[in-house]
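The following exercises are to be worked through with the structure in view. Each task is followed by a solution in steps.

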Amino acid sequence: MLIALDCSALSIMLKEFVHKEVEDIIEKREEILQRRMEHFFSQQPGGSCTLVIPTPSWAELMTCVPDIHRISQRVDSDPNMYFADFNSVAATEYGLLSAAAIASGDKKSGSDLDWGKVKFDRQIAVVAKLSGAELLLTRDKNQSSFAEMVGLTALNIDDPQPDRQPGFDFGDEVRPQLR
């Protein structure tokens, strides 16, 4: 299965490479999310999947990475990870999607984010879709919405009740315990 990652999912997966200040702020919650992601990946048919990194996600992650060379080596050496570029085909698809939203009278497609973030999230969704990914892992509701607009399934790894997302098992060890 091809699974695309937005910046929020990438930062969890590669957290040892982000600035210490960023890691400290979100460390406790991300340990749970990292276990969820690892469990999810282990449940894939054949026990493996290929992770797609849309280059706009990578660019966003680079803003909080002190050693770009080290993280690049890590990703480049992993045969189960590859970059998907925002190329001319993606730019055309992005333009068509944005033009349709503008023509509908809602250029941000219902998002309350600023226009720059909307454009970035659309780019990530388009690149993920064109890469052949079936699923986008994210913590961002807006990113989920844009992924679904292009026909991807979006999985919010931050949802405390994964049962709301049928077909996705995060493992019992991270589910809230009912008393």
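A residue is called buried when its relative accessible area is under 20%, exposed when that area is over 50%, and partly exposed in between. The structure is a predicted model.

**Exercise 1.** Determine whether Ser 111 is buried or exposed, and describe its surroundings.

*Solution.*
Step 1. Locate the residue: Ser 111 belongs to the loop between helix H5 (88-103) and H6.
Step 2. Apply the cut-off: the relative accessible area of Ser 111 is 9%, so the residue is buried.
Step 3. List the contacts: when neighbours within four places in sequence are left aside, Ser 111 touches Val 118, Asn 142 and Phe 146.
Step 4. Examine the polar side-chain atoms: one of those in Ser 111 lies 3.1 Å from the backbone nitrogen of Leu 113.

**Exercise 2.** State which residues form salt bridges with Lys 117 in the pairs with Asp 121 and Asp 140, and compare where the partners lie.

*Solution.*
Step 1. Recall the cut-off: a side-chain nitrogen of Lys or Arg must be within 4 Å of a carboxyl oxygen of Asp or Glu.
Step 2. Test the pair with Asp 121: the closest N and O atoms of Lys 117 and Asp 121 are 3.0 Å apart, and a salt bridge is formed.
Step 3. Relate this pair to the helix: Lys 117 and Asp 121 are four residues apart in helix H6 (residues 115-130), so about one helical turn separates them.
Step 4. Test the pair with Asp 140: here the closest N and O atoms are 3.6 Å apart, and Lys 117 again forms a salt bridge. This pair links distant parts of the chain, since Lys 117 is in helix H6 whereas Asp 140 is in the loop between strand E4 (135-138) and helix H7 (141-149), 23 residues away.
Step 5. Assemble the network: through shared partners, salt bridges join Glu 60, Lys 117, Asp 121 and Asp 140.
Step 6. Classify the accessibility: Lys 117 is partly exposed at 23%, Asp 121 is buried at 0%, and Asp 140 is buried at 18%.
Step 7. Place the result in context: the whole structure contains four salt bridges.

**Exercise 3.** Describe the largest pocket and the residues closest to its centre.

*Solution.*
Step 1. State the volume: the largest pocket holds about 190 Å³ of space. Eleven residues line the largest pocket, and those closest to its centre are Met 13, Phe 41, Leu 51, Arg 74 and Asp 78.
Step 2. Sort the lining by class: five residues are nonpolar, three are polar and three are charged.
Step 3. Find the main contributor: helix H2 (residues 20-42) supplies four residues, the largest share of the lining.
Step 4. Consider two residues named in Step 1: Arg 74 and Asp 78 form a salt bridge, with their closest N and O atoms 3.1 Å apart.
Step 5. Compare the two with the cut-offs: Asp 78, at 17%, counts as buried, whereas Arg 74, at 27%, is partly exposed.

**Exercise 4.** Find where Glu 148 lies and how far it is from Leu 136.

*Solution.*
Step 1. Glu 148 is in helix H7.
Step 2. With a relative accessibility of 49%, Glu 148 counts as partly exposed.
Step 3. Glu 148 and Leu 136 are twelve residues apart in sequence, and their C-alpha atoms are 9.2 Å apart in space.

Notes:
Residues are numbered from 1 along each chain as its sequence is written. This is a predicted model: local features need pLDDT of at least 70, side-chain atom pairs count only at pLDDT 80 or more; totals for chains, interfaces and linings use all residues. Side-chain values use heavy atoms; hydrogens and water are left out. On a 1 Å grid over the protein atoms alone, a cavity is a set of points where a 1.4 Å probe fits but cannot get out, and a pocket is an open set with protein on both sides within 12 Å along at least five of seven lines; lining residues have an atom within 4 Å of a point. Grid points are joined across faces, edges and corners, and a volume is the space filled by probe spheres set on the points. Helices (H or I, at least four residues) and strands (E, at least two) are DSSP runs, numbered from the N terminus. Ala, Val, Leu, Ile, Met, Phe, Trp, Tyr, Cys and Pro count as nonpolar, Asp, Glu, Lys and Arg as charged, and the others, Gly among them, as polar. Buried means under 20% relative accessible area, exposed over 50%, partly exposed in between (1.4 Å probe, protein chains only). A polar contact is a pair of N or O atoms within 3.5 Å; within protein, one must be able to donate a hydrogen and the other to accept it, and residues adjacent in sequence count only if both atoms are side-chain atoms. Contact means heavy atoms within 4.5 Å.
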